[in-house]
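Colleague: I have a model open and would like a close look at one part of it. Please take me through the helix at the start of the chain, and what it packs against.

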Amino acid sequence: MKNMIFLGSVVALLMVLFSLHYGFHVISDTTLKISLLASLIVVLIALKKWKITFSTAE
């Protein structure tokens, strides 16, 4: 259950970032790239810390 909540929050964050950049033109290219890099680092840290895997249950 924690995996699905985490995955949903990551997808929601990425959707907000891309809509702010491409839809509303609020943030610039540099800000988008920095935000994507920061979110990638946060995802990698969370995956390692919480030992979250996205494999299917058998």
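Modeller: Start with the helix itself. This is a predicted model. Helix α1 covers residues 2-23, which is 22 residues. From its first C-alpha to its last it reaches 30 Å, close to the 32 Å expected at 1.5 Å a residue.

Which residues of α1 are buried? They are F6, V10, L17 and H21. Viewed down the axis of α1, the buried residues fall within an arc of 35 degrees, so they line one face of the helix. Turn to the face away from that buried side. There you find the exposed residues M4, I5, M15, Y22 and G23.

What does the buried side pack against? The buried residues of α1 pack against α2, residues 29-50. The chain has two helices and zero strands. The axes of α1 and α2 lie 10 Å apart, and the helices pack at an angle of about 175 degrees. Any angle over 145 degrees counts as roughly antiparallel. The two helices, α1 and α2, are therefore roughly antiparallel to each other.

Now the residues that meet. From α1 come K2, F6, V10, L13, L14, L17, F18, H21 and Y22. From α2 come D29, L32, S35, L36, S39, V43, A46, L47 and W50.

The partner deserves its own look. The 22 residues of α2 should span 32 Å at 1.5 Å a residue, and its end C-alpha atoms are 31 Å apart, which agrees. Buried in α2 are L32, S39, V43 and A46. Seen down the axis of α2, these buried residues fall within an arc of 70 degrees, so they too line one face of their helix. That buried set packs back against α1. On the face of α2 turned away from its buried side sit the exposed residues T30, K33, I34, L37, I45, K48 and K49.

Back to α1, and to H21. This residue belongs to helix α1. Why is H21 called buried? Its relative accessibility is 9%, and buried means under 20%. Leave aside the neighbours within four places in sequence. H21 is then in contact with I27, S28, D29 and L32. Of that list, D29 and L32 also appear among the α2 residues that meet α1.

Next, H25. It follows α1 and has a positive phi, near 55 degrees. Its place is in the loop between α1 and α2. Is H25 buried or exposed? At 62% relative accessibility, H25 counts as exposed. The side chain of H25 points to two backbone oxygens in the helix. It reaches the backbone oxygen of H21 at 3.3 Å. A polar atom of the H25 side chain also lies 3.4 Å from the backbone oxygen of Y22. So H21 is buried, while its backbone oxygen is reached by the side chain of an exposed residue, H25.

Another positive phi comes just after α2, where K51 takes about 55 degrees.

Last, the chain as a whole. Of its 58 residues, 17% are buried. Take the contacts with a separation of 6 or more. Residues 24 or more positions apart account for 47% of them.

Technical notes:
Residues numbered from 1 in each chain as written. Predicted model: local features only at pLDDT ≥ 70, side-chain atom pairs only at ≥ 80, totals over all residues. Heavy atoms only, no water. Helix = DSSP H or I, 4+ residues; strand = E, 2+ residues; numbered from the N terminus. Expected span 1.5 Å × (residues − 1). Buried < 20%, exposed > 50% of the residue type's maximum accessible area, 1.4 Å probe, protein only. Arc of directions from axis to C-beta. Contact = heavy atoms within 4.5 Å. Polar contact = N/O pair within 3.5 Å; in protein donor to acceptor, adjacent residues only side chain to side chain. Axes fitted to C-alpha atoms, helices over the stretch in contact; angles between N-to-C directions. Parallel < 35°, antiparallel > 145°, perpendicular 65-115°, else oblique.
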